[in-house]
Amino acid sequence: LQAIISGGDRRVSSTADLEIDASASYDPNVPDSAGADAELAFAWSAVRWLNATHAVRAALDASVPTDEPVLYVPKAVQLAEGNYTLTLTLSKPGRDDALASVRVEVVNGAVPAISFE
């Protein structure tokens, strides 16, 4: 299995929605299919870093589905300010799990948009 998170590490405002997309994850034994088409199961989890060496499990709001390819956390239930690692566990019966993680820094205030041309 190949767990893939699009976009890499990110910084997000505590007043903005957070979306992390792993829909490109796939089973290399099932050509041209991803997600439900390949019978993949998605499970998202989070840890909050208290400092450089200590982290604790962070509970995502109960209204946030953690079993979908795209983790969507609306601003109304956004994570508190801090540093997090969000991890996708991709599984399928009879196969070893695959993991992918992304670091997210949640900050108060606006995060400037950067674009490249």
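How many bridges join β3 to β4, and in which sense do these strands run? In this predicted model, β3 and β4 are antiparallel strands joined by three bridges. Within that pairing, Val47 has Arg57 of β4 standing opposite.

This pair belongs to an open sheet of five strands, in which the order is β1-β7-β6-β3-β4 and the pairing is mixed. At the edges lie β1, which spans residues 10-13, and β4, which spans 55-57; each of them pairs on one side only. With direction ignored, neighbouring strands of the sheet are turned against each other by 35 degrees on average.

Moving inward from β4, the next pairing to consider is that of β3 with β6, which is antiparallel and extends over nine bridges. Here Ser45 has Thr87 of β6 as its bridge partner. On the other side, β6 runs antiparallel to β7, again with nine bridges joining the two, and the bridge partner of Leu86 in β7 is Val102. The strands β6 and β7 form a hairpin with six residues between them. Gly94, in the turn of this hairpin, has a positive phi of about 80 degrees. β6 is also mostly covered, with seven of its 10 residues buried.

It is natural to turn next to the nonpolar interior. The largest nonpolar core comprises 27 residues, and those with the most contacts inside it are Ile5, Ile20, Leu71, Leu86 and Val104. At least two residues of this core come from each of β2, β3, β5, β6 and β7. The most is given by β7, which supplies five residues. Leu71, one of the residues with the most contacts in the core, offers a helpful view of its surroundings: beyond its neighbours within four places in sequence, Leu71 is in contact with Leu18, Glu19, Ile20, Trp44, Leu60, Val64, Pro65 and Leu86.

The loop between β2 and β3 holds two acidic residues worth viewing together, Asp27 and Glu39. Is each of them buried or exposed? Asp27 has a relative accessible area of 2%, so it counts as buried, the limit being under 20%. Glu39, by contrast, has a relative accessible area of 58%, so it counts as exposed, the limit being over 50%. The side chain of Asp27 makes a polar contact of 2.7 Å with the side chain of Arg95. Not counting residues up to four places away in sequence, Asp27 touches Leu1, Ala38, Leu40 and Lys92 as well as Arg95. Lys92 appears again around Glu39, which is in contact with Ser91, Lys92 and Pro93 once neighbours within four places are left aside. The C-alpha atoms of Glu39 and Gln2 are separated by 13 Å, with their positions 37 residues apart along the chain.

A third acidic residue, Asp9, is placed in the segment before β1. Its relative accessible area is 53%, so Asp9 is exposed. Leaving aside neighbours within four places in sequence, Asp9 is in contact with Val102 and Arg103. The side chain of Asp9 reaches the backbone nitrogen of Arg103 at 2.9 Å. Asp9 and Ser101, although 92 residues apart in sequence, are 8.8 Å apart in space, C-alpha to C-alpha.

Notes
Residues are numbered from 1 along each chain as its sequence is written. This is a predicted model: local features need pLDDT of at least 70, side-chain atom pairs count only at pLDDT 80 or more; totals for chains, interfaces and linings use all residues. Side-chain values use heavy atoms; hydrogens and water are left out. Helices (H or I, at least four residues) and strands (E, at least two) are DSSP runs, numbered from the N terminus. Buried means under 20% relative accessible area, exposed over 50%, partly exposed in between (1.4 Å probe, protein chains only). A polar contact is a pair of N or O atoms within 3.5 Å; within protein, one must be able to donate a hydrogen and the other to accept it, and residues adjacent in sequence count only if both atoms are side-chain atoms. Contact means heavy atoms within 4.5 Å. A nonpolar core is a set of buried Ala, Val, Leu, Ile, Met, Phe, Trp, Tyr and Cys residues joined through side-chain atoms within 4.5 Å. Two strands pair if DSSP finds at least two bridges between them. Axes are lines fitted to C-alpha atoms, for helices over the stretch in contact, and angles run from 0 to 180 degrees between N-to-C directions.
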